[in-house]
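Colleague: Before I rely on any label attached to this protein, I would like to go through them with you one by one. Please set each value against the rule behind it.

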Amino acid sequence: MTTTDAASTEAATTDAASTEAATSEAGQERLRRWRLVLGGDTADGTGHGLSGRDAAMDGALTALYGKEGAARTGRDRSAGLGASAPSVARWLGDIRTYFPSSVVQVMQRDAIERLGLSALLLEPEMLEAVEADVHLVGTLLSLHKAMPETTKETARVVVRKVVEDLEKRLATRTRAVLTGALDRGTRVNRPRHQDIDWNRTIAANLKHYLPEYGTVVPERLVGYGRASRSVKKEVILCIDQSGSMASSVVYASVFGAVLASMRPISTRLVVFDTAVADLTDRLDDPVDVLFGTRLGGGTDINRALAYCQSRITRPAETVVVLISDLYEGGIRDEMLKRVAAMKASGVQFVALLALSDEGAPAYDREHAAALAALGAPAFACTPDLFPEVMAAAIEKRPLPVPDTA
């Protein structure tokens, strides 16, 4: 065997060993992941042991999703985490150490729902330990009446943090989209120089392009009229505050505050269950709006729409947004007649089954079909889509209904 052949054989042997090692490492990683997913029961089939950080992660998952905690009911349902606040506090600290924020929020939500931990949120120490999100805010609002005074201030701090984060995410784009929709309604063909919309002017005069001069000669100017100080549009947000609409109430309150900050839009915010509450005077602070709601009541959409209808003064310039799962506890036929009457008078009527990132909830399909027959399709709307929906309603063009096929 020559030196070259020996070197080639040695290299091949080394490559094979490296490949085998890599394959072995990949296999072990797969077993590790499956072991964490399956939970370590005797039937999981992995035979893989955990130690260190992996064992701690597995313990946090088992406390919430293990068979012992899931199978028990009543007082024993919290057995996986223990019944005491200190054990829950330790668990909250563990999951924030081992998992990203988005996963922590899901696990917290599951703990509240599966293990009956809502009562512990009435303790200030617990609220300071949790990862705040929209769903937690909804839970806190539903517990608000039961909160001791020592907890309410902490709850407001938690809610305010979530609301401020949402405003930062949503406000700028909402104002930009709706300002554009309002300005398009005032476009004129004889604008002053500072009001010329040059992009649209050039587009409208491309046929007058002079190649020898490399320029367009505009025969028609397109621009915006000067913004009027008077109100151009009136928006009424009519929000179902039944328990299933918690996330929608949070987002709608934030959007209501953003709309109220825009001078050309007069915004009214109404929440309802079997009674109706007008929270318009609180729109300067969406946290006040949220703590003015009372999640979990019944539903009387007809009564709420009757109130909204009585506040309409300029139908042709009004947008009514109903946010509800449409489970009507009031008079169904009267509800539909009110929607038909508002639309006939010129009101732009928008029906949202939800305003959240979670898609359409369970909803009354018969009522949704009846609204669609009146020209008001009911659909779930994400917070990111909401500005586009409002812009379309303001401009009286078809709504961007998501394709749910």
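Modeller: Let us begin with a charged pair, keeping in mind that this is a predicted model: the side chains of lysine 152 and glutamate 149 meet in a salt bridge, with 3.3 Å from N to O.

Colleague: Why is the contact between lysine 152 and glutamate 149 called a salt bridge?

Modeller: The rule asks for a side-chain nitrogen of Lys or Arg within 4 Å of a carboxyl oxygen of Asp or Glu, and the N to O distance for lysine 152 and glutamate 149 is 3.3 Å, so the pair qualifies. Side chains of opposite charge can pair when their charged atoms come close. Lysine 152 and glutamate 149 are 3 residues apart in helix α8, and therefore about one helical turn separates them.

Colleague: What makes lysine 152 partly exposed, and is glutamate 149 buried or exposed?

Modeller: Exposed means over 50% relative accessible area and buried means under 20%, so lysine 152, at 22%, falls in between and is partly exposed, whereas glutamate 149, at 62%, counts as exposed.

Colleague: Which parts of the chain does the salt bridge between aspartate 278 and arginine 268 link?

Modeller: The side chains of aspartate 278 and arginine 268 meet at 2.5 Å, N to O, which is a salt bridge because the cut-off is 4 Å. This pair links distant parts of the chain, with aspartate 278 in strand β7 (residues 276-278) and arginine 268 in strand β6 (residues 265-272), 10 residues apart. Aspartate 278 has a relative accessible area of 26% and is partly exposed, and arginine 268, with 25%, is partly exposed too.

Colleague: How many salt bridges does the rule give, and which residues are joined into one network through shared partners?

Modeller: The count comes to 15 salt bridges. One of them is formed by the side chains of arginine 397 and glutamate 395, at 3.3 Å from N to O, where arginine 397 is partly exposed at 35% relative accessibility and glutamate 395 is partly exposed at 26%. Salt bridges that share partners join Arg169, Asp357 and Asp384 into one network.

Colleague: Why does lysine 233 count as buried?

Modeller: Lysine 233, found in strand β5 (residues 233-240), has a relative accessibility of 10%, and buried means under 20%, so lysine 233 is classed as buried.

Colleague: What does the side chain of lysine 233 reach, and with which side chain does it make a polar contact?

Modeller: The side chain of lysine 233 makes a polar contact with the side chain of glutamate 317 at 2.9 Å, and the side chain of lysine 233 also reaches the backbone oxygen of isoleucine 394 at 3.4 Å. Leaving aside residues up to four places away in sequence, lysine 233 touches several others, among them Leu182, Pro264, Ile265 and Arg314.

Colleague: Turning to empty space, how many cavities of 30 Å³ or more are found, and what makes them cavities rather than pockets?

Modeller: The search of the whole structure finds 2 cavities of 30 Å³ or more; they are called cavities because a 1.4 Å probe fits there but cannot get out, whereas a pocket is open. The largest cavity holds about 110 Å³ of space, and its lining has 11 nonpolar, 1 polar and no charged residues. About 40 Å³ of space lies in the second largest cavity, whose lining has 2 nonpolar, 4 polar and 3 charged residues. The largest share of the lining of the second largest cavity, 4 residues, comes from α5.

Colleague: What is the volume of the largest pocket, and which residues lie nearest its centre?

Modeller: The largest pocket has a volume of about 370 Å³, and of the 20 residues that line it, His135, Gly243, Ser244, Ala246 and Ser247 lie nearest its centre. The elements that give two or more residues to this lining are α5 (101-115), α7 (134-143) and α10 (246-260), with the largest share, 4 residues, coming from α7. By class, the lining of the largest pocket has 6 nonpolar, 11 polar and 3 charged residues.

How values were computed:
Residues numbered from 1 in each chain as written. Predicted model: local features only at pLDDT ≥ 70, side-chain atom pairs only at ≥ 80, totals over all residues. Heavy atoms only, no water. 1 Å grid on protein atoms, 1.4 Å probe; cavity = no way out; pocket = protein on both sides within 12 Å on 5 of 7 lines; lining within 4 Å. Points joined across faces, edges and corners; volume = space filled by probe spheres on them. Nonpolar A, V, L, I, M, F, W, Y, C, P; charged D, E, K, R; others polar. Buried < 20%, exposed > 50% of the residue type's maximum accessible area, 1.4 Å probe, protein only. Polar contact = N/O pair within 3.5 Å; in protein donor to acceptor, adjacent residues only side chain to side chain. Contact = heavy atoms within 4.5 Å.
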